[in-house]
Amino acid sequence: MGTESRFPYQDPTLSIDQRVEDLLTRMPVEAKAGLMFHAMGSVAALDEPGLFGMPSMATLLSRRINHFNILWAKSAHELAEWHNAIQRVALEQPLGIPVTISSDPRHSFTDNPATALMAGPFSQWPEPLGFAAIGSPDLVKKWAETVRREYLAVGIRVALHPQIDLATEPRWARISATFGEDASLTSELAVAYVQGLQGDQVGPESVSAMAKHFPGGGPQLDGEDPHFAYGREQVYPGGNFDYHLEPFKAVIGAGVAQMMPYYGMPIGTEYEEVGFGFNKGIIGGLLRDTLGYDGIVCTDWGILSRTHWGVEDLSFEERMLKALDAGVDQFGGEVRPQALTDLVKAGKVTEERLDTSVRRLLREKFRLGLFDNPFVDTAAADIRVGTDEARAEGLAAQAAAHVLLANGSGPAQLPLAAQPLRLYAEGLSAAALGNRAHLVDTPEEADVAVLRLAAPFEQRGEEGTLEYFFHAGSLDFPEEEIERVRRICRTVPTVIDVYLDRPAVLTPLAEDAAALTANFGATEEAFVKVLFGEAEPQGRLPFDLPSSMEAVVASRSDVPFDTADPLFSFGHGLNYTERTTTSG
């Protein structure tokens, strides 16, 4: 039909509610079903096969699906061009409903296709943990406003974030995208983030925020992640379920537009032991009735076809019915709207039930202005994304987020002295150091050594599989690595910097390091600025650093600050006028 005819839903002078109701009356069940699927899209030619075995974009669009989350793109211009091409195809379909594009986080350092993407053409900032270390709601809002501007430039209108789970289980693989262990700090920063993305209310200049993972995805049994069957259980040995709700209550109060439940299934609570996306007590009861939330609820990706914990014995269609009965509006990562259409035609679900969700989904498209202006300015995309100003602000935040854990005396005391210095470095290039120091090949030749390390993990899965990307398991460094680092420390005064995507056990390293810092995503350039005093570490730990794995294993997964005798405590962080090595 195209969009030449002027129906009431195409009239921008009418109220959003009027436009939604008019369009709803014109939609066949197939179009309603398609709207309730949020598929993975490929930034590629329309007929090119999708990622991870998904159908092509042409096939997905033919199924009336018009919400897509995207992964990699080479440039902002390429992404904007692709977005406009997809919109043109959508507008030629009956009713001309525009496409909504979404994205996982893509402004930091994580590169995991299931959780977050490396910044690429976008400005690069520390992980959310780094913002928790800085602790400034104003900076978080500024960051989110930058994310919003850059997303708008390429047509991304839904952010599959913020992730506001609480990092109470130190082993969990997804801690880096949280705001840490403390509910009050997380709540404050989460509200600032939502406000930065959406503004005072969702409108044509907004990015719609989808907070996750309701009702809090932190307390995973043994820290294992429910992307995988062995991590499906979410446990509350401390009876601390309500603590994990606090950030979600805060963002609901701030008007967050969308919500995503997690894959996990609650064990030993009042709720049914099924995945949260199937859990009527959690979605229909707690979220909708108790907390009064009337926004969009979109499931996490693939709960009907892959991560269907607690309902493994049900068929695909039975799982769909259970999720609908629980109160979800949209199926993330699924691509079979015909199954929903067939359920309606078979009388197993009413069209009125679809209308309840479709109203919410259409309203969001109208609020975002997609019906009135679905296209972006492709010529301006590269100019607006990753500007020099945004990159400089991101670099400054990376530097500020460093936490100075310990700082001794002598030649390795931070900041390093501005003098001719022979430096042995691992993880630092000569280009990054510039003329600040002279690189040598061995610790024996050096005045000072600098080692940039990353928190340890147990490698899971085969390379290229989803599991391979998740950093899980023990937080202990391997014995051979500890001995190697200690040999260097005993040869020359040594600065150790550790990237903490999880709270690693640093006890054996802290014993011998002359100075110890932590970062939450930082380029060489940012670290060098901190190293030589051109920027000061302003961070405070956003979680406890455990003293041992024994303390981690003995702690309760749902209780914050529960590891006995932490090496460094939440809030610990020195500055360059405090030269003590005492832990907090």
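Are Arg360 and Asp329 buried or exposed? In this predicted model, both Arg360 and Asp329 are buried, and the sections below place that pair among the sheets, salt bridges and surface charges of the structure.

## The eight-stranded sheet

An open sheet of 8 strands, with parallel pairing, follows the order E9-E7-E5-E4-E3-E2-E1-E10. Strand E9 (296-297) and strand E10 (331-332) stand at its edges, and because each has a single partner strand, one side of each is left without a neighbour in the sheet.

Within this sheet, strand E5 (residues 208-214) is joined to strand E7 (residues 258-261) in the parallel sense over 4 bridges, and Met210 stands opposite Gln258 in E7.

## The six-stranded sheet

A second open sheet has 6 strands in the order E11-E16-E15-E14-E12-E13, and its pairing is mixed. Its edges are taken by strand E11 (403-407) and strand E13 (438-439), each with a single partner strand, so one side of each is left without a neighbour in the sheet.

Strand E14 (residues 448-454) is mostly covered, with 6 of its 7 residues buried. On one side E14 pairs with strand E12 (residues 422-426) in the parallel sense over 4 bridges, where Leu423 has Val448 of E14 as its bridge partner. E14 also runs parallel to strand E15 (residues 494-499), to which 6 bridges join it, and there Ala449 stands opposite Thr494 in E15. E15 in turn pairs in the parallel sense with strand E16 (residues 515-519) over 5 bridges, with Asp497 standing opposite Thr517 in E16. As a general point, strands of a sheet pair through backbone hydrogen bonds, either parallel or antiparallel.

## Salt bridges between separate parts of the chain

A search of the whole structure finds 29 salt bridges. One of them joins the side chains of Arg232 and Glu312, at 2.4 Å from N to O; this pair links distant parts of the chain, since Arg232 is in the loop between E5 and strand E6 (233-235), while Glu312 is in the loop between E9 and helix H10 (316-326), 80 residues apart. Arg232 has a relative accessible area of 25% and is therefore partly exposed, and Glu312, at 31% relative accessibility, also counts as partly exposed.

The pair raised at the outset is a salt bridge as well, with the closest N and O atoms of Arg360 and Asp329 being 2.8 Å apart. Arg360 lies in helix H12 (residues 351-367) and Asp329 in the loop between H10 and E10, so the pair ties together parts that are 31 residues apart in sequence.

## A further pair and a network

Arg460 forms a salt bridge with Glu458, and their closest N and O atoms are 3.7 Å apart. The two partners fall into separate accessibility classes: Arg460, at 15% relative accessibility, counts as buried because this value is under 20%, whereas Glu458, at 37%, counts as partly exposed. Elsewhere, salt bridges that share partners join Glu483, Arg486, Arg490, Glu511 and Asp512 into one network.

## A negative patch on the surface

Asp476, Glu479, Glu480 and Glu550 gather on the surface in a patch of negative charge. Among them, Glu550 has its place in helix H19 (residues 549-554), and with 59% relative accessibility Glu550 counts as exposed, because the value is over 50%.

Terms used. Residues are numbered from 1 along each chain as its sequence is written. This is a predicted model: local features need pLDDT of at least 70, side-chain atom pairs count only at pLDDT 80 or more; totals for chains, interfaces and linings use all residues. Side-chain values use heavy atoms; hydrogens and water are left out. Patches are made of residues with over 30% relative accessible area and no salt bridge: like charges are joined within 9 Å, nonpolar side chains (Val, Leu, Ile, Met, Phe, Trp, Tyr) within 5 Å. Accessible areas come from the Shrake-Rupley method with a 1.4 Å probe; for residues, only the protein chains shown count as cover. A salt bridge is a side-chain nitrogen of Lys or Arg within 4 Å of a carboxyl oxygen of Asp or Glu. Lys and Arg count as positive and Asp and Glu as negative; His and the chain ends are not counted. The place of a charge is taken as NZ of Lys, CZ of Arg, CG of Asp or CD of Glu. Helices (H or I, at least four residues) and strands (E, at least two) are DSSP runs, numbered from the N terminus. Buried means under 20% relative accessible area, exposed over 50%, partly exposed in between (1.4 Å probe, protein chains only). Two strands pair if DSSP finds at least two bridges between them.
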